[in-house]
Structures are given as C-alpha cells and as structure tokens.
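Grab your viewer and work through these exercises. Try each task before you read its solution.

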There are 2 protein chains.
Amino acid sequence: MSTADKIVNAHSSDDDSYAIGVDYGTLSGRALVVRVSDGAELGSAVHEYEHAVIERNLPASGAKLPPDWALQDPEDYREVLRRAVPEALRAAGVAAEQVVGIGVDFTACTVLPTLADGTPLCELPEFRDRPHAYVKLWKHHAAQPQADRINDLAHEREEPWIGRYGGKISSEWEYAKGLQLLEEDPEIYSRAARWIEATDWITWQLTGTETRNACTAGYKGILQDGARPNDAYLAALNPDFVGFTAKLEHPVSPLGARAGGLTKEAAEWTGLAEGTAVCVGNVDAHVTAPAVEAVEPGRMVAIMGTSTCHVVSGPGGTEPADVAGMCGVVDGGIIAGLWGYEAGQSGVGDIFAWFTNDFVGPELHAAAIERGITIHELLTEQAEAQRPGEHGLVALDWESGNRSVLVDHALSGVIVGLTLATEPHEVYRSLLEATAFGTRVIIEALKAGGVEVTEYIAAGGLTKNAFLMQMYADVLRCPVSLAGSAQAPALGAAIHAAVAAGAYPDVPSAAHAMGSLIPNAYLPDPDRADAYDLLFAEYLTLHDYFGRGGNDVLHRLHEIKAGK
Amino acid sequence: MSTADKIVNAHSSDDDSYAIGVDYGTLSGRALVVRVSDGAELGSAVHEYEHAVIERNLPASGAKLPPDWALQDPEDYREVLRRAVPEALRAAGVAAEQVVGIGVDFTACTVLPTLADGTPLCELPEFRDRPHAYVKLWKHHAAQPQADRINDLAHEREEPWIGRYGGKISSEWEYAKGLQLLEEDPEIYSRAARWIEATDWITWQLTGTETRNACTAGYKGILQDGARPNDAYLAALNPDFVGFTAKLEHPVSPLGARAGGLTKEAAEWTGLAEGTAVCVGNVDAHVTAPAVEAVEPGRMVAIMGTSTCHVVSGPGGTEPADVAGMCGVVDGGIIAGLWGYEAGQSGVGDIFAWFTNDFVGPELHAAAIERGITIHELLTEQAEAQRPGEHGLVALDWESGNRSVLVDHALSGVIVGLTLATEPHEVYRSLLEATAFGTRVIIEALKAGGVEVTEYIAAGGLTKNAFLMQMYADVLRCPVSLAGSAQAPALGAAIHAAVAAGAYPDVPSAAHAMGSLIPNAYLPDPDRADAYDLLFAEYLTLHDYFGRGGNDVLHRLHEIKAGK
C-alpha cells in the first residue's frame, strides 16, 4: 500500500533543484522530495512493505521461525524505490531532471547475506526456504547467546574496542548476527560473500557498486581506529569465524559522500534520470541530526518514540572523550570529522503504552472515548493538574532494561511510593518523569566524560505531548527544541543527497540551509526544575541501588523468572 | 434495614439452652443465636445502622465535618437490640426463656462521651448539633496531631507503657480522641463524666450498670500493669488533660465475666427475659479467638478483610515477651490469664481492591463479566497458572502504611521487577504475596521475641480465596486452619455470653465446646515454600532498606507529596 501527499507550504519551480530522501522504517519506506535551496518539503509518499516483519513463518515455505526472530524480504525495499519515489515526485510536481541527488537512511543494524555481486542469498531459488538467507531486521534478537559470548570474550581478552560500546556489543549488531548465521546455517554463511547493512545494500541497488558508510561500519560493525576485531579474537569465539571480517571489509565512505550515479535500472524504478547522484547509506537516528541542524558539538538530538535514541557529536581528534555506558562512539559516525556519541533508552513510549493498555481501568478508558481523546491525552490532562511530586511517586524506567550508562538488559522497572489513594494518572506521570530522569542520567554521564550537551532537540512521535516536552525541559534544566519536519529522517537523507550531488560543500552547510528546527520550543521553569531536582535525587539513589549492585534483586528476579 | 436467616444445620429443642452474640460492625449489627451445648448456630439477623458512618455532614444540623472525621449515632446501636435480636430469635425458633446469656463485641476503638449515668452527650438536646458529642468511630482519624504529640512526649519522657504498643499510640485510640475532644470542644469535654468504648456503653444499656472490659481497657485505654498514663505526663501534653483518666477509670472485668442482668427496658427491646445474664463487652477481632478455639498460646487468629488483625495469646505472667512493633500487648486482652498480643497489617484486601478497581484494563474486566466471575476470581485464576516467581516481581504491602513491626504510617507501597511483558494478574499476585510476606514478618517478630506461633487460623472475607489461603500456608510454612463459622465474631460473643451465664467455667472450655474450626484446611507444599523463600528473602531486604532507614525515600516522598 502506498500513500502520497502533496505538501502545501511550498511550490516547485522549474528553476529549483531537488533532493530525495528515502527513509526505510520497520514497516514501510517513505520518499520525500526536498528543495535543495531551503529544505522546503514538496511532496512525499509512503509504501508499506508487503511482508512487513517476518516473525512467525517464512512466506516462501511456511517454515516456523524460532522465538525472537525478525526477518525482512529485500524485494520489499526495492519496491519502495519503484512505488514511493515516483509517487512522491508526482505529488511534489517535480520533474526528474530537477532532482540532483537521492539518499537513503535505514533502520540498523538490519543486515543481510549476499553474493559478491550483491544478490541477496534469499533470492537464490535454492535458499528461498532458508530463514538465515533473509534480511535480519534490527529487532531480530535471537543472536543473544552469540552476543553474550562476544562480550564475555572481549572482556576476558581486554579487547580495546569493547569500551567504545559501553562494554557491550548488542545482539542486534553485525558480529552477533553473523556468528549466529555461521553456527546455525554454515552453508549460507559460507555462500555469503558479503554481510551488509540494508542501508548499504539498497544504495548498491541504486548505484550498481558496493559502498560502506562510516556510521554503520562504526556503530554496528565494530570498526574502530581503522580496525575490526582481529582473527585471534574471532578464532577464540569460533575457529570458523576467522575470516568473517572479510565479508564486511570495504573502503568506508564518510557520510554525505557520493556513492555513485543511478543505474539505468534504478532510474527506471524511480523515474529519475540515469546518473543522478546517490549518497552513501545512513541510519535513521543519525541522519536526523542534520535534519534539525544539529551539526555542531553539544547539540543533542533525541528521537523519541517507543524507545529513545540520543545522538550528539563531540569535537574531532584521535581519541573520543571517555564516556562509559554509551551505545557507541564512532569517529564521523554522525558528522564527518566529529566523534559521534550514541546513547539510548530502551523503553520510553513503549512504557507509556504498556501502562495505558494494561493498567488503566475501564472508567478512564470510557471517559477518554466519550470525550473523543486518547487515553494518553486524558491521563496527561489529569497529571498536568498536579504539581511535581504531588503524586508522591518515583519510578525507574527500566521495564525494557537499561540501554545506556548501566547497559543492562536484565534490569526491570520499579515504582516506589504507592498508596491506596494513588490513581492511574499519577503512576502515568511518574513513568513520564522516569524517562526524563533517565535522559538526565545519560546527559550527566556525557558531561562527566567531557562531552558538552547544550541543547536538547526532540524528534519523533512523543514530541506531540507538550506536557512531556515541558517536563523534559524542566528536568534537564535545558531548552527543548523541536524538529521542524514531521519526517526528519527523510529530510536528513535528502540533505545528505544534496551534499553528495555537490550542491553544498559539506553536511553542516547543507544542514543549516535545508534543516528545520523550532528552537527553544520549551524553556525550563526554575520552580518546577527545583521540584523535579528533589525527585531526581531520589531517582538517582534508587538507580544506583538497583542498578549498580547495592541490591541485585532485579538480576535475581530475572533469573527466578527464567526458572534458573 | 434488617434481614434474618434461619440457619438450617440445626434445630432447636425445648431442652436446649442458647446464648446470643451481637456483633457490632462498621455499618450494621448482627445477632446470632447459638446453642450452648455445641455452638450450633440456629438463626441470625442483621440490622443496618440508619446513619451508617457520619463522615460529611451531621444529620441533626447538616454541619459539615472536617476531613478524616467518622462519627456514629448511638441510637443506631440500640436499634440493633430492638430489631436484630428479636428477629434472630424468631428465625432460630428459640423462646426467650431458653436464652441464658447475651454478649456483644464491637469495632474498637469506638468511643463516646456520656453523662455519669451513661446518657450519650449527643442525646442532650443542647448538644445535638455538636460533632464532638457523638460517637467517634474507630476510623475517625482526625486526632492524628494529638496522637503525634502523645507519642513524641511518651518517648521523650520514656514512659514505660509506650513499649507495649510498638512505640506508637494510634490516633484511633481513647487518649488521642479524648485529647482532641478537650482541645476542640472543651465544653463537651468537661460535661463528659465518662469516656467509654461503645462495647462497654451498649453493655451498660443492657444491664443498667457500667462495666469496663480488660480488652479495650488494655489495647485502647493504655491500662498496663494496673495503671494508666500519669498526671505529670498528661499535664505535659495539656494542663487541662489532667484528670482525663478519671473519665475512664472503673474496675476492669475479665473477658467472659458477667456484667449484670438484662434490665426491664432492655428485656423489652430484645424480647428476652429480664435478668438474663449479660457478658462484659469485647472487641470483634479478639472475640474471634474463642470462636475458632484459639484459646491456647501459639494459635494465631488472623481476621483477614480490608486489613488484617492478628491476635495470639502467649503464656501468662507478670511480664509479657519482649516483642517490638506490636499494636498492643495486654494481660488478659484475649483470654483471661494469658498475655494477648495484637498485630496488624493496615492494608490487605484494601490493596487488592485498589489495584483491581483502578489498575486493571477494560479487557480483563469485560472478560470477567462475560464469564460471570469477579475480577478477583479472574486474576486469581490467571495468577494460579504460574509457578511462584514466574512473574519476576516483589512488592511491599505498604499502600496503607505499616501497622506492625515497623509501625510507620508514612510508608508506602513498592513494586520491583516490572517489564513490558508484565500483566495485571502478575502484579495482582505479587500484591497477594506481599501481604503473605508481611504476615510472615509479623510472625517471625513474635517468634524472635519468644511468642510461639504454631497455627495460623484465618477468618474474615478473604478466606474465600483458596489460592490466597494456600499461598499463606506455603509462605508461612505453617498449616492454615479456617474459622468454621461465617459469623465468627458473633459466635465468639455468644461463647462469652455462655460463660457469663455460668454454662461453662471459663472461656477456653466454652470455646472448645462451642467454637468451630476447620483445622489444617491448607498445608504447606515444600516445593512452593522453597520458591517463596527466595522471594521472601528479597521482600525482607527491601523491607529493611525502605522501612528501617536504608533509604528514607518513602518518608521524603510523603513529605514532598504533602508539600512540606
């Protein structure tokens, strides 16, 4: 299914040139046509993947997938090029000749095995019914045992790169998924000449030549200081894993570089001119930074949805700042020439949804329906009527574990201060606050390590909640700016495409011309900030007690739960 | 409104003699006709108080009451005698001449000011519109400031009696309510020749002569080792409070003693013969012990409803065992000649109701309705399908504070171990478990102080939940017996009445003949008990961390909430 929108705040002119950003999400791809001169968004179109996320059965054979699997079909990605790009062009009223460049961003780590020419192994007839031949989506979590071994061994051997990832390589990333592939389907593994991020693969489909981008190579592919985990380490993991790195190796392109020109075939798919500049791949979160002009050190971008991803650049140089517990620290990982710091909170909007779906009684749901508002809006309205602390609650936002600072997925949520008078909107508010406190812990860790954070720029679905945004400003004592575009990742991809096309000398200058920001949309209120400080102090004490070994009850409960 | 039931499992005979127990609850009074020989329940009747609990406006004048007030009208108590007693007799098919004794039990501390002849001050025309002239029900909590001063001063002066009450006199009790009366309506205070528990007052109405019972005198009236708080202490509280004790003083009767014979007027009310033996007053929780044959040391009775009250006797002697944090330790407070220990959990069924009312989503409520079961039954069924610990949760049962062991009403509830997969029935189960763990803490404190607890006898509304009862057996590693009567307090009052009538030499022998118990209804399962031990260890660590100063966050949240 595709939908296209003509965006009304700008009109195309024959004199203008345009760039196209294609944002590959979890369930669909969106193409956005952007004017190169000022970033005006002329038209967009969304195409939903036919196979969505393959989690239960493989479509080709019906074969049942084990738990925690999440696959995709790469043909669905090509279809976005065939459907969404032409539709967005039509909606924008822009001619193919006016488009100077195209670029993509993607979920990550979303990775697939291909032949040396880029053919996905799942497209070979003999492998159609082999689950391991497909794309492993970012949320494929079945490589956890492999990730655990990768981490244990890295710490044992004191591998230098492990510190750049908060001491933990995720089960979502290239090495863990690659090791799972080797150990569970060695034939597919051996046939995989390339093990490639989907963002690089789709770019390859556009240009006919392989490229690798600095962002995924660093954040997902353990490329640090020009090197990857060495053979001795790989051999200790599994003797047959030696040589895995060769499936990844390729000269790494800086973000915003030209990957090549559009092939004749890709030109036919997209309706664009053959030879149109194509930018190297990028990642949805990271590409959002230039979309909101966050191209200088200190400007943190938070993509706030079911989870929150924080990206912020720090000064360039040979060594990054020493910040523990980040998801990743990558040279040029966000902006070429700067160290890119990525952090995250594994549960944010997810926590709010979990609570409202399961833990709010029928009367409140009925009241929301009667008023024609969402349960979130109703609870927010009720919560907003209280002063900070009036609910008497403090919560820890670990219902989905802790991704940054503590980097501990066995942690779980805590609520403290419940009384028989406690009402759902109060618990709801305490959960909102907990996520703000979690963000503050991350920012304070960055600052303590020497990474400046001067502005908090929010993007993503949660920015709609004004009460939440004001709360973040108050809790962080920091202005909260908002992304100006509702489709910031696609805008970011278009900015990169404009750079690849040579319309701007670099991403920062393109970002300032084309990016879109609502600066200081929320300013901290000193009185509320003082009140939140009291609650944050309690949060921090509980954070350390439950998260840093004061009481390992959450780990023990995790094991008791698992029946260990 | 009154309702009467003929109880079908026994038939009256002209040769039998009967005793009547009248159980005064918060909203109604119940009369029960019991055969003296074997405790068979022949008939009962309930009469609801016309004025129920007076919490908002005084009926006589419409005067608005302040928060935390809870009054009653003593005429409602007389009406129970006029309505429920004759109806119970009719339902039982028992003649007045066959009734040898009548006794009451009451909520406590429920207390009223009267003239020297027992006339309630609220029945004097000039005081009809004076709130302080009425009965203050047990749950009148507006004397908390006075209670705080009583406690602070007692500790400051190291008064010997304070230790007998877990270091804390409740705002519900006679001295706190009396001091509030003095300070807020000195005229009523000075006219109050007597300050008397409702259980003693209604007994006075039956006999025409004042008596005071050992149970309320000790648990609610601070009578210890024959003495009450002395004048120097009272003067330090408030110079005008000196002499308060005179409003209470009266020879104290042991439980089961004869208070007198039914007056002509009371005989007319009840339809009983003038001169019928009347027993001294008693309290609903304590009177339940003989109703379930718990008349020897070590047999704990737990009345499990919105809250739980635990009573257990220990050996007699000049000094009780040294158990910290009890609600009260009273010589002969449950059974004459034994030390009576009372403990409590301020929130039990209340916590379950709070959670199910407000924190369970519409789908589960709809499913329960469709199946024609309560939401409690549905959640219990779901919870029962899991093994102990499978939910990964531990909760502290302090949503209504902690009444015993910690004796701290500023504490609040904690839930630990929440994940995005946590479902309502899992939280529900963790709350059930928390109350079982809370009971275990009380029992272990008693044992540590030298008070044996060998059996747990449950009475009250929660005994209907078989899953909960089994959980208590497993958590406590102790057989759970059940009250055999659905109206155990009224049965207990009838047992005392039989003793007062001389049908038995003492309460224990009457209890063994008339009491009713389902022994060992639930036996601990060793495997589940082992699994619960792991969770209890976590409960205990959190109990001490949050309750004994490891982290005073609950107190600080209580103050932040109050805006201090």
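**Exercise 1. Locate C109(A) and C109(B), and check the peptide bond that precedes each.**

Start with chain A: C109(A) sits in the loop between strand 6 (99–106) and strand 7 (111–114) of chain A. Helices (H or I, at least four residues) and strands (E, at least two) here are DSSP runs, numbered from the N terminus. Now look at the bond: A108(A) and C109(A) are joined by a cis peptide bond, with omega about -10°.

Then go to chain B, where C109(B) is placed in the loop between strand 6 (99–106) and strand 7 (111–114) of chain B. A cis peptide bond links A108(B) and C109(B), with omega about -5°.

One housekeeping note: this is a predicted model, so local features need pLDDT of at least 70 and side-chain atom pairs count only at pLDDT 80 or more, while totals for chains, interfaces and linings use all residues. Residues are numbered from 1 along each chain as its sequence is written, chains are lettered from A and ligands numbered from 1 in the order in which they are written, and side-chain values use heavy atoms, with hydrogens and water left out.

**Exercise 2. What is the sign of phi at E158(A), and where does the residue lie?**

Phi of E158(A) is near 50°, so you have a positive value in a residue other than glycine. For context, most residues other than glycine have a negative phi, and most peptide bonds are trans. On the chain, E158(A) belongs to the loop between helix 2 (144–156) and helix 3 (174–184) of chain A.

**Exercise 3. At what angle do helix 12 and helix 13 of chain A cross, and which residues meet?**

First, the axes: those of helix 12 (residues 375–384) of chain A and helix 13 of chain A come within 9 Å and cross at roughly 90°. Axes are lines fitted to C-alpha atoms, for helices over the stretch in contact, and angles run from 0 to 180 degrees between N-to-C directions. That makes helix 12 of chain A roughly perpendicular to helix 13 of chain A (under 35 degrees is roughly parallel, over 145 roughly antiparallel, 65 to 115 roughly perpendicular, the rest oblique).

Next, the contacts (heavy atoms within 4.5 Å): helix 12 of chain A brings H376(A), L379(A), T380(A), Q382(A), A383(A) and E384(A). They meet P424(A), H425(A), Y428(A) and R429(A) in helix 13 of chain A.

**Exercise 4. Do the same for helix 14 and helix 17 of chain B.**

The axes of helix 14 (residues 466–476) of chain B and helix 17 (residues 526–547) of chain B come within 8 Å, crossing at roughly 75°. That makes helix 14 of chain B roughly perpendicular to helix 17 of chain B. From helix 14 of chain B, Q470(B), M471(B), D474(B) and V475(B) meet R528(B), A529(B) and Y532(B) in helix 17 of chain B.

**Exercise 5. How many salt bridges cross the interface of chain A and chain B?**

Size up the contact: chain A gives 49 residues and chain B gives 49 residues. Then apply the salt-bridge rule (a side-chain nitrogen of Lys or Arg within 4 Å of a carboxyl oxygen of Asp or Glu): two turn up across the interface of chain A and chain B. In one salt bridge, the side chains of E538(B) and R556(A) meet at 2.4 Å, N to O. Over all chains, the whole structure has 62 salt bridges. E538(B) lies in helix 17 of chain B and R556(A) in helix 18 of chain A, so this pair joins two chains.
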